[in-house]
Amino acid sequence: MLSRLAQRSLQEAKPVIVAVRPTSTTAVNKSAERDEVNFPRRVRPIEPGKVRLGFVPEEWFKFFYPKTGVTGPYMFGVGLGTFLLSKEIYIMEHEFYTGLSILLMTVYAVKKFGPGLAAYLDKEIEEVEGSWVNYRTNSIKNIKDTIEAEKKAQWEAEGQTVLFDAKRENVALQLEAAYRERLATVHAEVKKRLDYQLETANVKTRIEQKHMVDWIVSSVKSSITPAQEAAALKQCFSDLKALAPKAA
């Protein structure tokens, strides 16, 4: 019968959507930092809460004060205990006295060994908490160093763009210098060729002029007879003699 009921309950069970609250105390929105002023981080209490009579929390008494006054919590405890004992709901058999003896031994052990054990455990807790705090501090420092390194890398990357522009300008200047050098070379070579052609033409003209003058002179010399040459000499002498008195 129980197995059938279990199977039926499993068949009729429907999927349940459970909303789980994140246990982390950090801000969920990663785009903004946590507001430490209005929403401070929870701090683990160093000392336990206050109690009365060794085991009754202080909040118990504060709950009764507005309604019953100062004696209300005590009267409630005494009345409840009297009711349980008088109605024999709580029977004081031999197990009660055994528990009472164990309670006394426990109280003695707590008073005797409690401070030393508490100091030892507090020291261990402080070491563990210190390791967590150091881990958190080191993690934050490493993350900040990583962020600074990333910012520096981005700054260096921005500097690379300036360097690339400078390199492009340098290459452009080199190309311009090479172009001007080749242009000057072409100009010099063309000028050399033009100077060569000009000098060739000048030499040809001089040779032609010299040849023409020599040909004319030789032709004139060949056309003059000895009698004409002697007559020309006499005429020259006579002209010189005629000019001589005038010059005096």
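**Figure 1. Environment of Glu 58 in helix H2.** In this predicted model, Glu 58 has a relative accessible area of 15% and is therefore classed as buried, since the limit for a buried residue is under 20%. Glu 58 belongs to helix H2, which spans residues 58–68. When neighbours within four places in sequence are set aside, the contacts of Glu 58 are Lys 50, Val 51 and Arg 52. Across the protein as a whole, buried residues make up 2% of the 248 residues.

**Figure 2. Overall arrangement of secondary structure.** The protein contains five helices and two strands. Read from the N terminus, the order of these elements is α-β-β-α-α-α-α. Of the contacts with a separation of 6 or more, 10% are between residues 24 or more positions apart. The accessible surface of the protein is about 23500 Å², and carbon and sulfur atoms account for 65% of this area.

**Figure 3. The salt bridge between Glu 36 and Arg 41.** Side chains of opposite charge can pair when their charged atoms come close. The side chains of Glu 36 and Arg 41 are joined in a salt bridge, with an N to O distance of 3.3 Å. Glu 36 has a relative accessible area of 39% and is partly exposed. Arg 41, at 28% relative accessibility, is likewise partly exposed. In the whole structure, eight salt bridges are found.

**Figure 4. The salt bridge between Asp 145 and Lys 141 in helix H4.** The closest N and O atoms of Asp 145 and Lys 141 are 3.2 Å apart, and the two residues form a salt bridge. Both residues lie in helix H4 and are separated by four residues, about one turn of the helix. Asp 145 is partly exposed, with a relative accessibility of 38%. Lys 141 is also partly exposed, its relative accessible area being 48%.

**Figure 5. The salt bridge between Arg 168 and Asp 165 in helix H4.** Arg 168 and Asp 165 pair in a salt bridge whose closest N and O atoms are 2.9 Å apart. Helix H4 holds both partners, which are three residues apart, about one turn of the helix. Arg 168 has a relative accessible area of 55% and therefore counts as exposed, the limit for this class being over 50%. Asp 165, at 46% relative accessibility, is partly exposed.

**Figure 6. The negative surface patch.** Glu 47, Asp 122, Glu 124, Glu 126 and Glu 127 together form a negative patch on the surface. One of these residues, Glu 126, lies in helix H4, which covers residues 94–223. The relative accessible area of Glu 126 is 57%, and this residue is accordingly exposed. Its value satisfies the requirement that patch residues have over 30% relative accessible area.

**Figure 7. The nonpolar surface patch.** A nonpolar patch of about 760 Å² is made on the surface by Leu 85, Tyr 90, Met 92, Tyr 97, Leu 100, Leu 103, Leu 104 and Val 107. Helix H4 gives the most to this patch, contributing five residues. Val 107 is located in helix H4 and is partly exposed, with a relative accessibility of 40%.

Definitions and conventions:
Residues are numbered from 1 along each chain as its sequence is written. This is a predicted model: local features need pLDDT of at least 70, side-chain atom pairs count only at pLDDT 80 or more; totals for chains, interfaces and linings use all residues. Side-chain values use heavy atoms; hydrogens and water are left out. Patches are made of residues with over 30% relative accessible area and no salt bridge: like charges are joined within 9 Å, nonpolar side chains (Val, Leu, Ile, Met, Phe, Trp, Tyr) within 5 Å. Accessible areas come from the Shrake-Rupley method with a 1.4 Å probe; for residues, only the protein chains shown count as cover. A salt bridge is a side-chain nitrogen of Lys or Arg within 4 Å of a carboxyl oxygen of Asp or Glu. Lys and Arg count as positive and Asp and Glu as negative; His and the chain ends are not counted. The place of a charge is taken as NZ of Lys, CZ of Arg, CG of Asp or CD of Glu. Buried means under 20% relative accessible area, exposed over 50%, partly exposed in between (1.4 Å probe, protein chains only). Contact means heavy atoms within 4.5 Å.
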